[in-house]
Structure formats: structure tokens, C-alpha cells
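Morning, everyone. I'll put the structure on the screen and walk through it piece by piece.

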Amino acid sequence: MTRNQYNNVIQWTLSQCSDSSGDSLLASREIFRNLGIPFPNGDYTEVLRTMMSGVYMGWSICTIEQAAQCADQGIPAVGLSTSRVIVVMPEEAEEVVINKAEEEIVSETAGIALPAGEITVDERMDMQFFAFAEIENQNLAAVGGAVRIAGRSGGPGDVYYSAPRYVSTPGGVILRDTPNGDSVGFVDTGGKKVSVTLANKSVVIPVRTPVVYKDGYQWIRVRAYITHIEEVNGRNRLGEKYIGWIVLSYTRPIPTPVPNKNEVCSTLNADLKADQLAMLTNARYIHNDLRMQSSTYSWTNNAIYAILGNMVQESSINPNYWQGGHTNDMSVGYGLTQWTDASKYIDWITALHKAKEDIDNQLYRIKCEVRLNLDDQWIAGNYKPSMSFLRFIHSNESVEVLSECFLRCYEKPKYVDTKVLQRQRLAIMCQDWLSQF
């Protein structure tokens, strides 16, 4: 599509939009429908939340400058807030010939579609921009995939700066940063301000937005997941995703090579949800191990993300975790998947003269369960349609479907229906984390 064709569709659609004059969401939805471009359903907040996911139907997060460049090339672009939509038009395009009645309608819909240069500073501050294209950003590429908050122990490589307490950003986000850089006020994808504490060694992932230079500091936009808070005011927040800005110097890259066995964390009863770096390290080790099996027993990525999401809740992916911290109580759960009673796994591995806390031994147990269904660990009929464990590891169903399947067929907790959404969110988190490497 050329710049002029893109402009013509916008202008023609607006000339026909007498019923939606003033309703920028309805009018923009008509524009994208006529362009043949997907656009989310829902109200302003729901549309913004969907687009901010970064994975909606070919749309990418971008700056207003990138949106302008795309529009000038005939590539659809849009600015979104929780109360308005602006379709970004080309800066220069041929005039569209319309009659007087249509001209009056276009006048009534003014402000629904604008060239980037006519969008005011105040409007830009309240908006996030998107383009129907793959947007690459060299500034963020240099940062690497996932990054973590620098520790406060003063260890090698940690560099600290005294950051400003508040900073305004082009995305309309206000970030609150405490003097030591650990507590950050994020804005969630629905535009609601929330308080999120990022502990040391929290994993954050850069969003494809340029580095912002403000008050002498570099800020990057990131998404982060909550793993250390179970419930606030009756609302379960485990696995929730938030987007916000953080000082670049408070982060450092996570090494890209697959972790080796010596890097795996198996500290007795350590809750790794408060140490996302350790949890990610263990998750990457498990992912590599299960992917490297022979073709008959090699796991799909989605199946691995599903089991890891369940492990986050069961053991925080710590192979040496006893349920509730009840060390050596054989009646409780133990290990990555919290085998219950613990004796089910420990008696079996002891008979093989192997260490119970060794992550390789626990993965070996899971592989034997796939092949032999030891102790009837997997109950295929608990999920509809029925799925065997072997079929599960080969499945390319969605992460959400496979997470629920593993929960019902393998973990089998009480009140299982109340746990499905949480496990799905944690599986999606693991997918997001591991996809960066």
C-alpha cells in the first residue's frame, strides 16, 4: 500500500463516518477495517492493554517518530491512550476529492486522524504509539534480551547512581524510584498506576521503545512480572505483568549461554520467587535439558513453558524445596513438581542410589513418568479432551491450554478450578522470559 492509498482510505472512511463523529475508537476501528488491518475489540483501556502486549496480530510498539515514518510509507500507525485514538496520517499526500456533504463530516471527525506533526506535545505525553510493522531498535538491541536489577551487595560489576525521584517520559508514564532503586511505581497495561516492588535480581524485559534521556540518566521501558506477592486486598497478583520505566544503570544483562549444572540453585527450602534470576537460571537449564531429548521424547517449547509455570507455583523451580518448609516430612510435597507424598519420589531415587535434590535426577524421574507413567502420576482423563503425557510433551497447543492440562492431569491439587488462571499467567511469564534467549 502506498502513502497516497493509505491516506485515501483514511479520508474516505472519515467522510462516511457521520454516525461515529467524535468517537475516535469507533471511527478508527472503521478505518482499520477498511484497510484490512486487525484492530482489537473492547473499550479504550482494553484496546490499549491488548496492543501493549506486544504480540497482537503484527502490531509493534514504537515511538511517534517511528509511527510518522511508517505512515509516510503507507504503513498503518496509531496513537492510543485510555480515552482517545489518533490514526497517524502521512505528512504529505495527495488531496482526496470529496463532495461538500462529505467535507462537513470530515470536519466533524477532525482529530481522529492526524499527521504526527499535528499531534500536540500534551497529546503525545498521554499516548503510546504503534505501527503495523516489525519495529527494530538498535539502542535496545545493545542491552541484550532480559536484564536484571543490579544487586545491592556491591559485588563486582554493580554500578549505582543516585537517580531522580520522579521522571516524566514520552509514554505518559510516571516512574517513582526510591534512592536505592529497588521500589518502582509502574503503570500497568490498562493505564492504572500501581505500586510494584522490584526486588534485587528481578528479571525485567525491555519493551521495543528507544532509550529515553532525562535529567542526565538513561531510562528504558520494561515489562516485569510479579512473583513475590501472592495476594493484595483479596486480589491474586502472582504472575501479573506490568510495564514501566527504569534507570538503565540499575540493570545489567543476563548472560546468554545456557546455564551449566553448577549454576543451578537448589538451596534447601529457598523460595526463589523472591530471586527471579535464580528461578530463570533453573528454568533455562530445564528448558535446554527437555529440548535436547531424542525426537521421540523431545518436548515442545509450549509444553516446557506449561510445566515451568506450574513449577513456579509448586516449588519456585527449586529442586530442594519441601512443602511449607517442612524438611524431611515424607507426608508433604517435595521437589520441582512437589511429589506428594515426598516418599513417592525420595524412596524411588534412593533405591537408585542417587541424590534426591539433584535437578538432573528429578528431570530423570519426570522422563520416566512420560515413558512408564510411574505411580499413575499422569491421569489423562482429568482434562478434556483426554491427553496422554507423551502427547502432552509433543503438543503445540497454546501455553494456556497445556498449563491447565498439566495442572489437572499431573499436579491434581484440591480446588483445581481456582488455580487455573494463576498457572496460565505463570506459564506465559516463563514463555516471555525464555523467549529472550
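The protein has 14 helices and 17 strands. Keep in mind that this is a predicted model. There are 437 residues, and buried ones make up 53% of them. On contacts, take pairs at least 6 apart in sequence: 64% of those join residues at least 24 apart.

Let's go to a helix pair. Helix α8 covers residues 276–291. Its axis and that of α9 come within 10 Å. They cross at roughly 145°, and the crossing is right-handed. Who makes the contact? From α8, we have Met279, Ala283, Ile286, His287, Leu290 and Arg291. From α9, we have Asn301, Ile304, Tyr305, Leu308, Met311 and Val312. By class, the contact of α8 with α9 has 9 nonpolar residues, 2 polar and 1 charged.

Stay with Asn301 for a moment, since the chain returns to it. Find Ser435, in the segment after α14, which spans 420–434. Ser435 and Asn301 are 134 residues apart along the chain. Their C-alpha atoms are separated by 9.5 Å. Is Ser435 buried or exposed? Neither: its relative accessible area is 44%, so Ser435 is partly exposed.

Back one step into α14 itself, for Gln424. Gln424 has a relative accessible area of 15%. The cut-off for buried is under 20%, so Gln424 counts as buried. What does Gln424 touch, leaving aside neighbours within four places in sequence? Its contacts are Glu400, Ser403 and Glu404. Glu400, Ser403 and Glu404 fall in the range of α13, 399–411.

α13 takes us to a pocket. The second largest pocket holds about 460 Å³ of space. It is lined by 22 residues. Closest to the centre are Glu314, Gln323, Gln338, Thr340 and Glu411. Which helices supply at least two residues each to that lining? They are α9, at 301–315, and α13. α9 gives the largest share, 3 residues. So α9 appears twice in this talk: in the crossing with α8, and in the lining of this pocket. By class, the lining of the second largest pocket divides into 4 nonpolar, 9 polar and 9 charged residues. Set that beside the helix contact, with its 9 nonpolar, 2 polar and 1 charged.

Now the enclosed spaces. How many cavities of 30 Å³ or more does a search of the whole structure find? The count is 2. The largest cavity holds about 40 Å³. Its lining is Gln293, Tyr297, Trp299, Lys367, Val370, Arg371 and Ile393. α11 gives the most, with 3 residues. By class, that lining has 4 nonpolar residues, 1 polar and 2 charged.

Next, the loop that follows α11. α11 runs 359–372, and α12 runs 389–394. Lys384 sits in the loop between them. Buried or exposed? Lys384 has 66% relative accessibility, so it counts as exposed. Its C-alpha atom is separated from that of Cys405 by 8.5 Å. Along the chain, Lys384 and Cys405 are 21 residues apart.

Two serines to finish. Start with Ser28, in helix α2, residues 24–35. Its relative accessibility is 0%, so Ser28 counts as buried. Beyond residues up to four places away in sequence, Ser28 touches Phe39, Val85, Val87 and Ile112. Those four partners are nonpolar by class.

The other is Ser343, in helix α10, residues 342–351. Ser343 has 22% relative accessibility. The cut-off for buried is under 20%, so Ser343 counts as partly exposed. Which residues does Ser343 touch, again not counting those up to four places away in sequence? Met330 and Trp348. The C-alpha atoms of Ser343 and Asn328 are separated by 9.5 Å, with their positions 15 residues apart along the chain.

To recap the spaces: about 460 Å³ in the second largest pocket, and about 40 Å³ in the largest cavity. For the helix pair, remember α8 and α9, crossing at roughly 145°. That's the tour. Questions, please.

Conventions. Residues numbered from 1 in each chain as written. Predicted model: local features only at pLDDT ≥ 70, side-chain atom pairs only at ≥ 80, totals over all residues. Heavy atoms only, no water. 1 Å grid on protein atoms, 1.4 Å probe; cavity = no way out; pocket = protein on both sides within 12 Å on 5 of 7 lines; lining within 4 Å. Points joined across faces, edges and corners; volume = space filled by probe spheres on them. Helix = DSSP H or I, 4+ residues; strand = E, 2+ residues; numbered from the N terminus. Buried < 20%, exposed > 50% of the residue type's maximum accessible area, 1.4 Å probe, protein only. Axes fitted to C-alpha atoms, helices over the stretch in contact; angles between N-to-C directions. Left-handed = near helix turned anticlockwise from the far one by under 90°. Contact = heavy atoms within 4.5 Å.
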